[in-house]
Amino acid sequence: MSQKKQTDSLKKSKRKSLGAWIVVMILAIFWILVAFVPFLFMVVTGFKQKIETIMYGAFHMPEKFFPDNYISIVTDPQFWNYFKNSVIVLIISLVILLFISACAAYPLSRFNFKMRTPIYFMIVAAMSVPMHVTLIPVFQMTIGMGLYDTIWAMIPPNVAFATPISVFILTGFMDSIPRELEEAADIDGCGRYKRFFQVILPLSKPGLSTLAIYNGVNIWNEFIFAFTLTQSEENRTLPLALWNYQGQYSTNTAMIMACLTLSVLPMIILFIFMQDKLVKGMMAGAVKG
Amino acid sequence: MKRASLSLKRQRSIAVCAAVFLIPVLILMTAYILYPIIATFRNSFTQWNGISSARKMIGLYNWNKLIHDKKFWTAFLNNVKVMFLSLIVQMPIGILLATFLDAGGKKFNVFKVIWFLPLLMSSVAVGYLFHYALATNGGLFSSISNLFGGKNIDLLGNQRVALYAVIGVICWQFIPFYMVYYMAGYSSIDETLYEAAIVDGATRGQYIRKIALPLLVPTIRNAIVLSITGSLKYFDLVYVMTGGGPGESTELMATYMYKESFSKYNMGYGSAVAAGMFILITVIAAVVMRLMNRKGGEI
């Protein structure tokens with residue numbers, strides 16, 4: 001009797017947990033729809049003809065395979081010019097950023113000098129400065145230096161605003177490198193400068209690669225400085241390509257969606273090939289500000 | 001004596017070396033962060049179109065105007081709404097998704113990959129995507145409504161709902177971020193705790209509620225700080241999606257500052273808006289961090 005009761009209640013709790021399981025799965029699948037449907041809308045609409053986007057709703061499938069939007073963007077030399085500008089800005093900014101951040105992190109992590117705490121504090125404080133407060137003076141300075149409306153205009157502010165968090169993370173990273181390694185190099189007669197290049201910098205590679213991803217994604221997507229500091233199409237980067245295409249084809253939803261899809265493609269490819277590294281890199285900035 | 005001078009020499013050589021390594025960063029930060037902040041405050045006391053060199057000192061005129069500027073305070077209020085609703089929506093959903101993925105392990109990888117997708121898009125791309133995906137004609141919600149025989153739904157053109165539509169889009173973009181953040185929080189919890197709890201007869205749900213979630217509190221606290229400071233700075237997404245409109249219904253401090261400075265070329269007043277925004281953000285961030293840290297001391 002009591003045993004029967006027990007199996008009953010076991011059955012009940014099993015049924016209850018099955019019910020909970022179903023509810024959870026329905027919610028999970030609902031969230032897949034929420035995350036994925038806008039994406040699908042973007043890619044599929046890119047394959048539609050302009051007339052279809054006007055005549056029918058979003059869920060109307062394209063009548064025939066229509067890759068012309070994508071083709072006309074990919075064969076547009078202007079698109080590749082945006083792409084080229086983005087690549088140049090990205091590479092130069094990243095190289096300068098990573099090098100000077102590593103340089104700054106080294107003494108902050110290793111040396112004992114009077115100004116260390118105030119400098120470190122200043123760098124940490126700079127992490128929370130909103131870039132808008134600097135926008136007008138940076139605009140003025142860029143004009144003053146003759147860099148306005150060139151692709152070089154974006155590089156110094158990109159680097160400057162990425163520096164605080166990069167120095168902060170790299171200082172933490174270098175703190176975790178055992179000092180014994182340097183001491184060995186010290187005994188071998190290696191000076192402080194040499195030690196940086198021959199011991200610390202090579203050992204910081206994992207930290208540098210994480211930061212390269214984090215800052216790379218941000219610089220690749222950077223909008224406000226590029227928007228403010230350049231004017232002509234030939235000097236703008238990919239995020240501004242969207243802006244200019246939108247000006248040109250504002251009523252042609254299909255064309256804009258094709259352009260959007262192409263602009264997201266590099267990130268999707270990165271995500272496919274190095275998912276874990278990319279996710280880890282993108283989260284690197286999530287330190288307590 | 002000799003020894004003392006030797007150590008002094010050593011100290012000096014350390015200081016020189018530190019300076020050499022630090023100088024590039026310090027110059028760049030001074031020129032592009034520190035100086036501009038000071039210049040913005042200085043410009044806020046002038047009347048200036050940004051182009052001519054004629055800058056008229058007008059004292060506190062801009063600040064007085066800012067304090068009585070209804071548009072600015074509407075923008076600030078919108079920022080505050082974004083801040084609160086982002087917290088209320090993003091934090092619980094982020095935790096739920098992370099809990100689900102943490103419980104499921106490897107076999108739920110499909111969910112993880114798809115849920116992460118929005119974060120791969122830039123804010124500008126998200127703004128454009130939803131500018132069209134929420135359009136009255138052919139947008140997603142209109143199409144759903146049409147399927148059931150309903151009328152078109154105008155989300156971004158309606159003053160009363162536009163801001164909430166924008167907040168929905170912001171949540172869509174950033175929920176994956178908090179999801180991954182909380183997953184990292186979960187993965188730092190010692191696995192033996194789970195095993196011990198199960199051995200002691202706890203169910204999965206009990207383990208999550210009684211053990212894992214309390215251990216996640218520091219992570220949640222950091223996420224709240226990140227979300228609040230982020231909410232006060234939004235620009236790209238809103239600027240391309242609604243341009244602050246219709247009316248001022250989705251205007252934020254940053255979009256208002258940008259329009260005053262670079263559309264109206266009212267750079268003196270634009271500087272005052274930027275400086276006001278800087279002060280508000282700094283004060284709110286300081287208060288929030290203080291609050292969060294104090295709570296940390298009590299627990």
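**Helix packing and the chain A–chain B contact**

Let me begin with a pair of helices in chain A, where the crossing of α4(A) and α7(A) is right-handed. I should say at once that what we are looking at is a predicted model. The two helices in question are α4, which covers residues 77-110 of chain A, and α7, which covers residues 155-175 of chain A, and they pack at an angle of about 40 degrees with their axes 7 Å apart. Since angles under 35 degrees would count as roughly parallel and those from 65 to 115 as roughly perpendicular, α4(A) and α7(A) are therefore described as oblique to each other. If we sort the residues in the contact of α4(A) with α7(A) by class, we find 15 that are nonpolar, seven that are polar and two that are charged.

Staying with chain A for a moment, A:Asp76 sits in the loop between α3, residues 68-74, and α4. Is A:Asp76 buried or exposed? It falls in between: A:Asp76 is partly exposed, because 14 other C-beta atoms lie within 10 Å, whereas a buried residue would need 20 or more and an exposed one 12 or fewer. From A:Asp76 to A:Glu182, which is 106 residues away along the chain, the C-alpha atoms are separated by 53 Å.

Let me turn now to the contact between the chains, to which chain B contributes 68 residues and chain A contributes 65 residues. On the side of chain B that touches chain A, helix α1 of chain B, residues 2-43, gives the most, with 18 residues. By class, that side of chain B has 51 nonpolar residues, together with 15 polar and two charged ones.

Conventions. Residues are numbered from 1 along each chain as its sequence is written. Chains are lettered from A and ligands numbered from 1 in the order in which they are written. This is a predicted model: local features need pLDDT of at least 70, side-chain atom pairs count only at pLDDT 80 or more; totals for chains, interfaces and linings use all residues. Axes are lines fitted to C-alpha atoms, for helices over the stretch in contact, and angles run from 0 to 180 degrees between N-to-C directions. Helices (H or I, at least four residues) and strands (E, at least two) are DSSP runs, numbered from the N terminus. Angles under 35 degrees count as roughly parallel, over 145 as roughly antiparallel, 65 to 115 as roughly perpendicular and the rest as oblique. A crossing is left-handed if the near helix is turned anticlockwise from the far one by less than a right angle, and right-handed if clockwise. Ala, Val, Leu, Ile, Met, Phe, Trp, Tyr, Cys and Pro count as nonpolar, Asp, Glu, Lys and Arg as charged, and the others, Gly among them, as polar. Two residues are in contact if their C-beta atoms, placed from the backbone, lie within 7 Å.
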